[in-house]
Structure formats: C-alpha cells, structure tokens
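Q: Please explain how the lining of a pocket is to be read, and then how a nonpolar core and a single strand residue are described.

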Amino acid sequence: MKLSALRKTAALRTTAVALTTALSVAVLAGGAASAEPEKPSSVSSIVKDGRTWHLKVYSASMKRDITVDVQRPADESTPAPNLYMLNGLDAGEGTASWAAQTDALGFLAEKHVNVIQPIGGRGSYYADWQREDPKLGLNKWNTFFTQELPPLLDKTLNSTGLNSLAGLSTSGTSVLQLAEAKPGLFKSVAAYSGCAQIADPMGKQFVKFSVETWSGGNTANMYGPDNDPAWVENDPVINAEKLRGTNLYISSGSGMPVMEDVRYYTEGNGPMGVVNLGLGVAIEAATNECTKNLKNKLDSLNIPATYKFNPVGTHYWPYWEEALHESWPMLAEGMGI
C-alpha cells in the first residue's frame with residue numbers, strides 16, 4: 001500500500017476513535033444530566049381560610065411537606081414582619097398548642113404581624129438530628145427554620161424580612177438554639193419555662209425525659225451518646241456568646257402551685273390529676289434552676305436580657321400566655337413595629 005494511502009487510513013481510524021470517545025462522553029453526560037435532581041425547598045400549596053393561610057412547605061432537608069399555618073394581619077396591603085410561635089413537646093400535632101390552649105392568636109390579631117405556626121416535629125426539640133429515628137423520623141428542624149423557611153415566607157407573604165421568635169417548655173430551649181445557629185435572623189427571642197442547659201447531667205436527663213420517656217424517640221439519634229460533642233455544640237448556655245445582640249426575654253415560675261394550678265390539674269382527672277400536678281411542679285422547678293444558670297452565664301458575659309422569675313407557678317399555659325403579653329413590646333421591637 002502506498003504511503004499516502006496508509007496515512008489516509010490512519011487518519012480515518014483516528015477520527016473514528018475520536019468520534020466514538022466523544023459519543024461515549026455525550027451518552028454518559030446525558031445519563032448524569034437526566035438523573036432526578038434534588039427537589040428544592042418550596043411552598044407546595046396554600047389554602048386560604050379567612051386570615052389564616054394553611055401552607056404546605058416542602059423541606060429539602062427532611063424530604064417531606066411541613067404544615068405551616070399563618071395568621072395574616074388585618075391589612076395585607078403593606079408588608080408585615082414575621083413572629084414565629086413554636087409549640088412545646090407535641091409541636092402542635094395535638095391540643096397542646098398556642099392555638100388550642102390560649103388566646104394568643106386573638107391577642108396578635110390586632111397586631112400588624114404574620115403569626116407563623118409550624119405544625120410537626122413532636123419530641124424533636126426542633127433540632128437537627130444526626131440520624132433518622134425509628135419513632136420520630138427524619139428531623140432537620142434547625143436547618144428548616146434558619147435556612148429553608150425564612151426566604152420562602154418572605155416571598156410568599158411579602159414580609160418585611162424582620163423576624164421574632166417565641167417558644168415554651170422544650171421549645172424554650174429550641175428558640176435559643178435557633179438564635180445561636182444564625183445570629184441576627186431573629187431580632188428578638190422569648191423563651192418561656194425552657195431549660196437552656198442540655199450538656200450537663202441534669203440537662204441531658206431533662207432532654208431524655210422529653211424525647212425518650214414522653215415521645216418514644218432516642219437521643220442517641222439526636223445528639224449521639226452522652227460524650228458526643230454535639231451535646232456541647234447545641235447547649236445554649238455554653239454557647240451564650242452567640243446571643244449577643246439579640247433582644248432576649250426569659251421567664252420561669254418557681255414551681256410552687258397556686259389554687260388555679262391545683263384545679264387545672266386535678267378537676268375531673270382523678271388520681272392522674274395529682275400525678276400531673278406533681279409533674280407540673282417538678283418540671284417548672286427544674287426549668288427555674290436552668291433559667292437561673294442561663295442568667296448567670298449571660299450576666300458573666302455582660303449580655304443584657306429581660307427576666308421574669310415568677311415566685312409561684314407550675315408548668316402550664318396560663319403563665320406562658322401572660323409571659324407572651326409581657327414580652328410583646330420586646331418582640332415587637334425586634335420586628336420594627
């Protein structure tokens with residue numbers, strides 16, 4: 001074969017190899033591109049019932065829709081700020097909620113504010129859990145509240161972008177953790193009857209009592225074993241420096257019951273009423289000690305806060321409703337109203 005023919009054949013082979021390689025790359029790239037992309041966080045649906053909007057918000061981190069109820073202000077023509085109202089242990093899934101147990105929504109109906117009421121996350125402390133729990137599922141609430149939900153609400157509600165945050169009992173811990181996770185997102189934070197310390201033996205037992213005994217979860221899936229550094233990393237008292245610059249209202253009762261407390265727990269409840277009264281006394285007394293420890297830490301750092309140490313009071317709703325009214329001016333200041 002002539003030299004020119006050999007060169008032509010070699011060139012054709014080179015071209016064929018190049019085309020085959022390019023085709024293979026294109027096929028592989030096309031296969032990768034056609035893979036199902038991660039679904040982004042978004043507002044899946046809105047059902048309007050008067051001034052109440054029932055939102056379904058898809059959380060990319062938890063891979064499911066989260067129900068978020070919003071009480072809109074009477075005048076929707078101008079942007080309003082957002083007040084996040086977190087519930088306690090049952091996270092609004094049952095009747096132990098701001099909406100069911102208090103007149104908080106009636107009180108706030110007169111204010112120019114979007115009242116944000118997330119529903120879901122029972123026993124989760126609204127935390128980012130390390131692992132999915134067989135009983136309580138996949139929990140990435142810290143991510144949801146600090147990263148996913150705020151921009152979606154700002155867009156959907158045409159809000160001012162200013163936020164305040166209030167929580168009670170277990171969420172009295174959560175609101176401080178959320179404020180520390182993203183300083184500045186929540187300008188004002190109110191914590192009612194929460195135990196801020198979670199990394200010491202007493203604090204861990206309080207968390208385990210709520211998560212394991214009452215909710216059936218496992219704190220090993222939450223923050224790991226007792227010696228896992230995640231307990232320290234999520235302790236609001238240890239990380240109190242991150243609260244600097246946030247308006248704070250912190251309240252607790254002494255645990256001493258008054259007659260209204262006794263009637264609330266015991267009337268019509270038989271022997272269990274006495275047991276529940278004892279629990280209400282013990283829990284509030286414990287949160288009172290936690291709250292004093294938080295105050296000592298904030299004082300040592302010269303971080304100001306408004307405190308309400310009630311000389312009486314057990315662990316139930318009328319005290320938290322009263323605290324909401326008393327902390328409203330501070331919450332409003334954080335929202336610019």
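A: Residues that line a pocket can be sorted by class: Ala, Val, Leu, Ile, Met, Phe, Trp, Tyr, Cys and Pro are nonpolar, Asp, Glu, Lys and Arg charged, and the others, Gly among them, polar. In this predicted model, the lining of the largest pocket comprises 13 nonpolar, 10 polar and 2 charged residues. Local features require pLDDT of at least 70 and side-chain atom pairs 80 or more, whereas totals for chains, interfaces and linings use all residues. Numbering runs from 1 along each chain as its sequence is written, and side-chain values use heavy atoms, without hydrogens or water.

Q: Which residues are the closest to the centre of the largest pocket?

A: They are A96, W214, Y265, H315 and W317, out of 25 lining residues.

Q: How many residues does the largest nonpolar core have?

A: In soluble globular proteins, nonpolar side chains tend to be buried together. A nonpolar core joins buried Ala, Val, Leu, Ile, Met, Phe, Trp, Tyr and Cys residues through side-chain atoms within 4.5 Å; buried means under 20% relative accessible area, exposed over 50%, partly exposed in between (1.4 Å probe, protein chains only). Here the largest core has 37 residues, with V68, F144, F145 and L176 making the most contacts inside it.

Q: Is I119 buried, partly exposed or exposed?

A: I119 counts as partly exposed because its relative accessibility is 28%. Contact means heavy atoms within 4.5 Å; leaving aside residues up to four places away in sequence, I119 touches I66, T67, D69, A91, G92 and E93.

Note on methods. 1 Å grid on protein atoms, 1.4 Å probe; cavity = no way out; pocket = protein on both sides within 12 Å on 5 of 7 lines; lining within 4 Å.
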